[in-house]
Amino acid sequence: MKHLNYIFLFTISTIFFSCGPYSFTGTSIASDVKTFQVNYFQNNAILVEPGIERDFTIALQDLITNQTNLSLVNSNADLVYEGEIVEYRISPTTATSQNTAAQNRLTIGINVRFINKKNEEDNFEQRFTFYYDYKGSSQLIGSIKTTAFEEIFERITQDIFNASLAKW
C-alpha cells in the first residue's frame, strides 16, 4: 500500500511538472516576466461618459494584480497594456406596443494594444466589446449604471487577460 502512494504521488508530480509551469488561473507567463503596466485608456467614444476611462484602467490593473504574481509599475514594464475606449452606446433592443423601448442596451468597446517586451510574438491589437441590458423604463444612473459598468468591465478585462496571458 505504501508503494502505491509513492507511485500515485510520482504520477501526479510528473503530470504537473512535465508540461512546464502550471498555474491554476490558467496563465502561461514566462519566468522572466516580472512586471506589467496599464497605461491610461483615453475615452475616444463619440458619447463620452466622464470617469469611465479611469474606472476601466483601474479594473484592468486590479484583475492582473489579483490573478498573477506580476508587479504593477508605471514605466519600463515587461508587459504593457494600452488603448482607448472607442464605443459607448445606449440603444433600444426591444420595443413595446406604444413604440417605446422595453429594454435598452449599454455597449462599451475598448481597443487594446498588448506589448510583451520579452516575446514580441505575443503582441496584439484587438477590440473587446461587451454589453449590459436594462429596462427601458429605467435611466442609466445610480445602481443601474454601477452594476452595468461592473459587469461590462469584468467581462472585458477577463477577455483581455485571457487573450494576453492565458492564450485562450
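**Exercise 1.** In which strand is the place of Q37, and is Q37 buried or exposed?

*Solution.* This is a predicted model, in which local features need pLDDT of at least 70, side-chain atom pairs count only at pLDDT 80 or more, and totals for chains, interfaces and linings use all residues. Residues are numbered from 1 along each chain as its sequence is written, and side-chain values use heavy atoms, with hydrogens and water left out.

Step one places Q37 in strand β1, where strands (E, at least two residues) and helices (H or I, at least four) are DSSP runs numbered from the N terminus. Step two gives Q37 a relative accessible area of 7%, so Q37 is buried (buried means under 20%, exposed over 50%, partly exposed in between, with a 1.4 Å probe and protein chains only). Step three adds that the side chain of Q37 reaches the backbone nitrogen of A77 at 3.2 Å.

**Exercise 2.** Which residues does V38 contact, leaving aside neighbours within four places in sequence?

*Solution.* V38, which also lies in strand β1, is buried with a relative accessible area of 8%. With contact taken as heavy atoms within 4.5 Å, its partners outside that window are T57, L60, Q61, I64, L72 and Y81. V38 and E82, 44 residues apart in sequence, are 6.1 Å apart in space, C-alpha to C-alpha.

**Exercise 3.** Which element gives the most to the largest nonpolar core?

*Solution.* A nonpolar core is a set of buried Ala, Val, Leu, Ile, Met, Phe, Trp, Tyr and Cys residues joined through side-chain atoms within 4.5 Å. The largest has 34 residues, and Y81, L106, I108 and I156 have the most contacts inside it. Elements supplying at least two residues each include β1 (35–38) and α3 (142–166), and α3 gives the most, with eight residues.

Notes
Polar contact = N/O pair within 3.5 Å; in protein donor to acceptor, adjacent residues only side chain to side chain.
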